[in-house]
Amino acid sequence: MKFFNIWKPLKIGNLEIRNRMVIPAMHLGDANEGHITDEIIEFYRRRAQGGFGFIIVGGIGVSKRGQGVPAMISIDNDVYIPELKKLTDAVHQEGAKVCAQLYHAGAYSFSKITGEQAVSASAVYSRFTHETPRELSTEEVGEVQDNIVAAAERAVKAGFDSVELLSSAGYLIDQFLSPIKNKRTDKYGGNTIQERLQFPLELIQKVKSAVGDKIIVGCRLSGDDFVPGSNTYVEKKIVAEEYAKAGIQYINVTGGWHETRVPQIPMDTPKGAFTYLAKEIRSMVEIPVFASNRINDPILAENLLQDDYADAICFGRASIADPDLPQKIRNDQLENVRKCVGCNQGCFDGIFQLKTLRCMVNPTAMLELKYASPKTSESRKNVVIIGSGPAGLEAARVAGMNGHKVILFEKEMKLGGQINVAGVPPGREDLFNIIKYYNHQLKQLEVEIHLGKEPTPAEILNFNPHIIICATGVHFNIPPIKGIDGSQNCQVCFADEALAGDFPVGKKVVVVGGAATGVETALWAAKKGAMDPEVAKFLAFYEGLSAKDAMQRTFRGEREVHLLEYLPKIGNSIGKSTKWVFLDELKKLQINVKTFIDITEFRDGTVYFKERNLPDGEANLEESSISHVDTFILATGVKPNRDMSQALKNYIKDHKEKLKTVPDIKIIGDAKKVGTILDAIHAGFKTAYRLGLYSP
């Protein structure tokens, strides 16, 4: 595909941006008591160098009380200006423009972090913080506005090209706009959206009056709150129109609030699902409109621009995954793009754990300074890697990129290891992009690949390796339960066998194990056999079925699915930003979940168990059962597979005197410690990076 619109300069007021690729505000979790760090500066400089046109930094706190989360950049005092100026200078030197998003969380501020009770339009309980804020007095509303105005004036002094007012995600301005959050009786309240616009319209007027033409004033706007009783896209179109009249110069459209039960960013959110909101708002205003949320594909971005959905596209997590995304598009190197897969493991889940941002597929994200360049290696090393899961693939890429000779063995006939089955459940297909990326990278680097081969120690050592990296993955855990091996007339398989299509799945299914793999497998089994959405679309279009009937047939198949878990809760290994989505899906798909149980036996198509979660807290001494089960799927956990590393060590010990080189054996990924895909890729990166850069 040729890219036309994405490279066109964008004019916002008197500001010209070199292209239509925008990085929206993202919390990086690395500020030092409000002060910007060298790591943050380098993170953004690197992405400006990669070709992004407009970089929005934030949120940047305008007051301690409104900040709400730790390690956030601050702009509530002049003391922060010199460091922020270093940031804007660094971005400008690389040719990009830079914006400060002015952040006030309102009721979304956590008092246990700030030490102060949160404030809001009204004292309405927040389902996000599980706290009730204090209602701002009329006088205090003006003070909050003045804090934001002062922050905008500091942004001018710090060299920012723009400021962005935060009218999205359920933060303070949204709280004034919403009928379920704003119960005020003064001039900032009201029954209509026009009345509740008083607070943001006053704020816009004050900011514009203070900064004049020195800086562009934009807005991040929720296109629809997606919260029952709150504002929909209909009201938000009115808001956008009024904002534009008041002097807002661009509108950056996102999806709903943090409180919404409509998933906004997890992997199974369809790409570009909320771009229609940008299109709705664009129909109301003459100023530039940005589209956001789950846009990780340059082709999708170009099509959205060509089809008049928006004037620019936000690449948030996509810019974390690949800072050189724009340059790769320009150089026709789409196959080299390291795509965000929407996993949230290092970005959102990490931030919820109060950690600095990381990225599953890009181990250097927020570590650009640390990994600027590897130490020089004195010699080219022969590196043999056993296993092509995510750890092995990343080790092969980095070692090959740094000039070492890499030989990779994989016992299956394709690369990817467990990713090949992890990407099978509906909504997880983006994981396959990881394999596509490595396939291309290893081909370019001329890595020697042996598929369908599980080598012996002698065969490995024939390559005279200096380094052997064992990325051999896992063995499955099989609890000592009678009949779990299928010996008592039960059809039993492992989750990866079912997902790979290597085992037939019957009409009545029991999944044993409620961690991430078990939950995803249960959802997959329930959806298996559902009508293909394209078929449903065809039938609805030609009125072969009603649109409602056709859509409902796409939701799930006809299997009866049960999920059994030993622990009191399911999904313990699933990140916070995604877990609630899975739990909602389990309910919507009517999957029967039983937790806190002891399975005693599998026999004659029946699973027998005792429940430990009775209302009185006592265990049920009588056995319960689920009978007439066609397929039992085991997702009972895994443990490191160190068979090869141990065999190598034994062989080397017995043949040490005959070897030209005694290799250093390194165990990485799940073979060392069972973890996430992020853990595996990062382990592969670090291990290979430490080998150094060989330059002949």
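Asn344 in this predicted model is in contact with Ile265, Pro266, Arg317, Asp349, Gly350, Ser577 and Thr578, leaving aside its neighbours within four places in sequence. Asn344 sits in the loop that runs between α13 and α14 (348–352). Its relative accessibility is 0%, so Asn344 counts as buried.

A second loop residue, Pro323, lies between α12 (317–321) and α13 (325–330). Pro323 has a relative accessibility of 7% and therefore counts as buried, the cut-off being under 20%. Beyond the neighbours within four places in sequence, the contacts of Pro323 are Arg46, Arg47, Gly50, Phe52 and Asn362. Tyr608 is 285 residues away from Pro323 in sequence, and the C-alpha atoms of the two are 53 Å apart in space.

**The chain as a whole**

The chain holds 25 helices and 28 strands. Its radius of gyration is 28 Å, close to the 26 Å that the globule rule gives for 696 residues, so the chain is as compact as a globular protein of that length. Taken along the principal axes, the C-alpha atoms fill a box of roughly 80 × 70 × 55 Å. Of the 696 residues, 56% count as buried. The accessible surface comes to about 29,800 Å², and carbon and sulfur atoms account for 49% of that surface. Among contacts between residues at least 6 apart in sequence, 73% join residues at least 24 apart.

**Two open sheets**

One open sheet has 5 strands in the order β16-β15-β14-β17-β28, and the pairing is parallel. The edges are β16 (448–451) and β28 (664–667); each has a single partner strand, so one side of each is left without a neighbour in the sheet. From one strand to the next, the twist averages 15°. Within this sheet, β14 (residues 382–386) and β15 (residues 405–410) pair in the parallel sense over 5 bridges. Ile385 stands opposite Leu408 in β15. Helix α15 (residues 390–401) packs on the sheet and touches β14, β15 and β17 (467–470). The direction of α15 makes about 165° with that of β15.

Another open sheet is formed by 3 strands in the order β23-β24-β25, with antiparallel pairing. Here β23 (597–603) and β25 (624–626) are the edge strands, each with a single partner, so one side of each has no neighbour in the sheet. Neighbouring strands of this sheet are turned by 25° against each other on average, direction ignored. Strand β24 (residues 606–611) is joined to β25 by 3 bridges, and the two run antiparallel. The bridge partner of Phe609 is Ser624 in β25.

**Salt bridges**

Side chains of opposite charge can pair when their charged atoms come close. With a cut-off of 4 Å between a side-chain nitrogen of Lys or Arg and a carboxyl oxygen of Asp or Glu, the count comes to 32 salt bridges. Three of these pairs are listed below.

| Acidic residue | Basic residue | N to O distance |
|---|---|---|
| Glu94 | Arg45 | 2.8 Å |
| Glu259 | Lys181 | 3.2 Å |
| Glu585 | Lys527 | 2.5 Å |

In the salt bridge between Glu94 and Arg45, Glu94 lies in the loop between α3 (81–93) and β6 (97–103) and Arg45 in helix α1 (residues 38–49), so the pair ties together parts that are 49 residues apart in sequence. Glu94 has a relative accessibility of 26% and therefore counts as partly exposed. Glu94 and Arg45 also belong to a network of salt bridges that includes Glu42.

For the salt bridge between Glu259 and Lys181, both partners are in loops: Glu259 between β11 (251–254) and α10 (275–282), Lys181 between α6 (172–177) and α7 (193–196). The pair therefore ties together parts that are 78 residues apart in sequence. Glu259 and Lys181 are both buried.

The salt bridge between Glu585 and Lys527 links distant parts of the chain, with Glu585 in helix α23 (residues 576–588) and Lys527 in helix α20 (residues 516–527), 58 residues apart. Glu585 and Lys527 are buried as well.

How values were computed: Residues are numbered from 1 along each chain as its sequence is written. Side-chain values use heavy atoms; hydrogens and water are left out. Two strands pair if DSSP finds at least two bridges between them. Helices (H or I, at least four residues) and strands (E, at least two) are DSSP runs, numbered from the N terminus. Axes are lines fitted to C-alpha atoms, for helices over the stretch in contact, and angles run from 0 to 180 degrees between N-to-C directions. Buried means under 20% relative accessible area, exposed over 50%, partly exposed in between (1.4 Å probe, protein chains only). Contact means heavy atoms within 4.5 Å. The radius of gyration is taken over C-alpha atoms; the globule rule is 2.2 Å times the number of residues to the power 0.38. Accessible areas come from the Shrake-Rupley method with a 1.4 Å probe; for residues, only the protein chains shown count as cover.
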